[in-house]
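Trainee: I should like to go through this model with you, beginning with its charged pairs. Could you start there?

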Amino acid sequence: MALHVLARIVCCSLLVASGMAASAQAESQEGGSPMTVSEGKSISMEYTLTLENKEVLDSNVGGEPLTFTQGSHQIIPGLETALDGMKAGESKQVKVSPEEGYGTIDPQAIQEVPIDQIPTDARKVGVKLQGKDGQGRMVTPTVTEVKEQVVVLDFNHPLAGKTLYFDVKILDVKTAH
């Protein structure tokens, strides 16, 4: 008789434990599992960046994922905003305007510099130079024109003024540490 009571107690305990596990699993799914992309979360993603003419500028598909903290301004604002609310495994195509990407072209960022201040081998259209501005920040202007006395340098970001197209896939969403 005591063995029969013990068997019923063990059986009831297993049912209660199994019910608690199912309840906990349902709570975790309702409570945001899988987690969604939101401020402060650590995000891993794949992406391919193209321009309007379909030219692929960058892609990490098949390589290391891009990992960043959502809301920390580590990626361009338009892309960061578009990712909000996505879940791991989801894919999306995102169009980012210049204003939400690398900005519009600033005509004041195009400057003429005396030709003798530019190294001889860098006096070619398309050459990217490196230097520091008056505040000591790194600048990377592009030579856009070479005249007799001056070289025209464009200090705008190379993607300024361009609409960007991203194919993204969220690989993982974690709580940032």
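Mentor: Certainly. Arg-137 and Asp-133 form a salt bridge through their side chains, with 2.9 Å from N to O. Please keep in mind that this is a predicted model.

Trainee: Is Asp-133 buried, exposed or partly exposed?

Mentor: Asp-133 has a relative accessible area of 22%, so it is classed as partly exposed. The cut-off for buried is under 20%.

Trainee: How many salt bridges does a search of the whole structure find?

Mentor: The search finds 3 salt bridges. One of them joins Asp-172 and Lys-174, at 3.6 Å from N to O. Asp-172 is partly exposed at 26% relative accessibility, and Lys-174 is likewise partly exposed at 46%.

Trainee: And what does Lys-147 form a salt bridge with?

Mentor: The partner of Lys-147 is Glu-112, and their closest N and O atoms are 2.8 Å apart. This pair links distant parts of the chain, since Lys-147 sits in the loop between S8 and S9 while Glu-112 belongs to strand S5, 35 residues apart. Lys-147 is partly exposed, with 35% relative accessibility.

Trainee: Those strands interest me. What is the order of the strands in the open sheet with S5?

Mentor: The order is S5-S9-S8, an open sheet of 3 strands with antiparallel pairing. Strands S5 (110-114) and S8 (142-146) are at the edges; each has a single partner strand, so one side of each lacks a neighbour in the sheet. On average, neighbouring strands here are turned by 35° against each other, direction ignored.

Trainee: Over how many bridges do S8 and S9 pair?

Mentor: S8 pairs with S9 (residues 150-154) over 4 bridges, in the antiparallel sense. Within S9, Val-151 is the residue that stands opposite Val-146.

Trainee: Let us change topic to the buried charges. Where is Glu-80 placed, and how far away is the nearest side chain of opposite charge?

Mentor: Glu-80 is in helix H2. The nearest side chain of opposite charge is that of Lys-41, 13 Å away, and Glu-80 is buried without a salt bridge.

Trainee: Which backbone nitrogen lies 3.5 Å from a polar atom of the Glu-80 side chain?

Mentor: That nitrogen belongs to His-73. Leaving aside neighbours within four places in sequence, Glu-80 also contacts other residues, including Thr-69, Gly-71, Ser-72 and Ile-75.

Trainee: What about the backbone of His-73 itself? What is its phi?

Mentor: Phi of His-73 is positive, at about 60°, although the residue is not a glycine. His-73 lies in the loop between strand S3 (66-69) and helix H2 (77-83). With a relative accessible area of 67%, His-73 is exposed, whereas Glu-80 is buried.

Trainee: Which residue has a phi near 75°?

Mentor: That residue is Lys-54, a non-glycine residue with a positive phi. Lys-54 is in the loop between strand S1 (41-50) and strand S2 (56-59), and it counts as exposed at 68% relative accessibility. Asn-53 is found in the loop between S1 and S2 as well, and it is exposed at 56%. A polar atom of the Asn-53 side chain is 2.9 Å from the backbone nitrogen of Glu-55.

Trainee: Finally, the overall picture. How many helices and strands are there?

Mentor: The protein chain has 2 helices and 10 strands, running α-β-β-β-α-β-β-β-β-β-β-β from the N terminus. Of its 177 residues, 28% count as buried. Among contacts between residues at least 6 apart in sequence, 63% join residues at least 24 apart.

Conventions. Residues are numbered from 1 along each chain as its sequence is written. This is a predicted model: local features need pLDDT of at least 70, side-chain atom pairs count only at pLDDT 80 or more; totals for chains, interfaces and linings use all residues. Side-chain values use heavy atoms; hydrogens and water are left out. Two strands pair if DSSP finds at least two bridges between them. Axes are lines fitted to C-alpha atoms, for helices over the stretch in contact, and angles run from 0 to 180 degrees between N-to-C directions. Buried means under 20% relative accessible area, exposed over 50%, partly exposed in between (1.4 Å probe, protein chains only). Lys and Arg count as positive and Asp and Glu as negative; His and the chain ends are not counted. A salt bridge is a side-chain nitrogen of Lys or Arg within 4 Å of a carboxyl oxygen of Asp or Glu. A polar contact is a pair of N or O atoms within 3.5 Å; within protein, one must be able to donate a hydrogen and the other to accept it, and residues adjacent in sequence count only if both atoms are side-chain atoms. Contact means heavy atoms within 4.5 Å.
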